Amino acid sequence: MFARTQRVRPIAVRVARQALGNEVSRLKAPSTIPYTDDEDAAKPAYYTDHSKPMHDRMEAYVLDLQDRLVTALESLDPSLQKFVRDRWERSDGHGYGISCVLQDGAALEKAGVNVSVISGTLTPGQLKSMRDRRAQTAKLLDDSEQFDFRVAGISVVVHPRNPYAPTAHMNYRRFEVFRQNAPEGEPPVMAWFGGGADLTPAYLFSEDAEHFHQTLKDACDAHDSSYYPRFKTWCDKYFTNIHRGETRGIGGIFFDDLDDKEPEQLFRFAYDAGNAFIRAYVPLVARRMAMPYTQRERDWQLIRRGHYAEFNLVYDRGTKFGLMTPGARIESILMSLPLTARWEYMNEPDPDSPEDRLLRAVRTTTNWTR
């Protein structure tokens, strides 16, 4: 497609947008700075309340962060469509979730901000996956026993409508494993934090990449200077479509099984990293969401979304874990998939085109921070 298509001249942009009935044409860049988290605000009670179990404090945090993220995303265009909040309960009574989803908005084509607080028994497939990841886990999870789990987490995926505004993903969770039928109050066999955030643009703007990465790095550095370089490398390696030889996007941070510090220290890191996502990402959508584009850019965006869907369905551990969990809520698990995507046979961008620049970026790694 792109090898045979000439760039549309700027004079044709308005015509193309009108012909496409493009809803984004009604958008204007926000007249004020969009909502961002207040770093100087007083810490909430759950941040310092050591009388409550860590699981309960993590639950309070993800519910709080969900509300602030929804507010931040809605602030991009408050006159248009709002998130639908869908609270659900597991049929076995072992937990609940709140799925906040927006579809077919003017600025956001699809966005989901989901919280899950669930428990259950680990299946053989889940246990094998956990043992295969880490030798320490294999030692603690004896294959002659059965184990229960509980997790509190938040998962966020945003697919903006404008091809120049990047897709983003974020999730943070606290996972605990117990011997099956353990007495109330018995400590978990093991517990860890996991999560991260990453950026997936269809068109690359260096200043956007630098802002996103630097904001996450600053949050990491406040807790451990080794975190950002470790977690950036981990992110680049994890979010890779191996069959295509390219990363899903331009990275960010990713970690799992994090238990190398006291739980309190790790909770405070997860708190700061999750909050940093609002400052890292929302201004990028505000900056790009009203840029003019044509069908050419839209088609490329949909092709890149197809690659995004391939990763989530083939490689993503969170998706696999969710689908293997008995009684799982499939709609919430697959919320991360874009509303629309495209697969073209033998698609090759023009050399040195903006599309080709994006491909070069996802076929290598770049240091985006100072």
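Here are some numbered notes on the fold, its central sheet and a few individual residues.

1. First, the overall picture. This is a predicted model, and the protein chain has 12 helices and nine strands. Of the 370 residues in the protein chain, 54% are buried. As for contacts, take those between residues at least 6 apart in sequence: 75% of them join residues at least 24 apart.

2. Next, the sheet. Seven strands make up an open sheet, and if you walk across the sheet the order is S1-S2-S3-S4-S5-S6-S9. The pairing is antiparallel. Strand S1 (84-89) and strand S9 (252-258) are the edge strands, each pairing on one side only. From one strand to the next, the twist averages 10°. Helix H9 (residues 295-314) packs on this sheet, where H9 touches strand S3 (108-121), strand S4 (147-160), strand S5 (167-179) and strand S6 (190-200). The direction of H9 makes about 170° with that of S4.

3. Start at the S1 edge. Six bridges link S1 to strand S2 (residues 95-103), in the antiparallel sense. If you want a register marker here, Trp 88 has Gly 97 in S2 as its bridge partner.

4. S4 deserves a look of its own. How many of the residues of S4 are buried? The count is 12 of 14, so S4 is mostly covered under the cut-off of under 20% relative accessible area. On one side, S4 pairs with S3 over 13 bridges, antiparallel, and Val 113 finds its bridge partner in Val 156 of S4. S4 is also joined to S5 by 12 bridges, again with the strands running antiparallel. In that pairing Gly 153 is matched with Arg 173 of S5. S4 and S5 form a hairpin, with six residues between them.

5. Now the other edge. S9 pairs with S6 in the antiparallel sense over five bridges, and Phe 255 in S9 is the bridge partner of Gly 195. Edge strand or not, S9 is mostly covered: seven of its seven residues are buried.

6. Helix H4 (residues 124-133) has two sides worth telling apart. Gln 126, Leu 127, Met 130 and Arg 131 are buried in H4. Looking down the axis of H4, these buried residues fall within an arc of 130°, so they line one face of the helix. Pro 124, Lys 128 and Asp 132 sit on the other side of H4 and are exposed. Note that Arg 131 is on the buried list, whereas Lys 128 is on the exposed one.

7. Thr 247 is a good residue to zoom in on. Thr 247 lies in strand S8 (residues 246-247). Is Thr 247 buried or exposed? Its relative accessibility is 11%, so Thr 247 counts as buried, the cut-off being under 20%. A polar atom of the Thr 247 side chain lies 2.7 Å from the backbone oxygen of Gly 249. Leaving out residues up to four places away in sequence, Thr 247 touches Asp 236, Phe 239, Thr 240, Arg 304 and Val 362.

8. On cysteines: how many disulfides does the structure hold? Zero. Two cysteines to check are Cys 220 and Cys 235. Cys 220 counts as buried because its relative accessibility is 0%. Cys 235 is buried too, with a relative accessible area of 1%.

9. Last, two backbone spots to flag if you go through the phi angles. Asp 104 is not a glycine, yet has a positive phi of about 60°. Asp 104 has its place in the loop between S2 and S3, and at 46% relative accessibility Asp 104 counts as partly exposed. Asn 181, another residue other than glycine, has a positive phi near 65°. Asn 181 lies in the loop between S5 and S6. With a relative accessible area of 67%, Asn 181 is exposed, since the cut-off for that class is over 50%.

How values were computed: Residues numbered from 1 in each chain as written. Predicted model: local features only at pLDDT ≥ 70, side-chain atom pairs only at ≥ 80, totals over all residues. Heavy atoms only, no water. Pairing = 2+ DSSP bridges. Helix = DSSP H or I, 4+ residues; strand = E, 2+ residues; numbered from the N terminus. Axes fitted to C-alpha atoms, helices over the stretch in contact; angles between N-to-C directions. Contact = heavy atoms within 4.5 Å. Buried < 20%, exposed > 50% of the residue type's maximum accessible area, 1.4 Å probe, protein only. Polar contact = N/O pair within 3.5 Å; in protein donor to acceptor, adjacent residues only side chain to side chain. Arc of directions from axis to C-beta. Disulfide = S-S within 2.5 Å.
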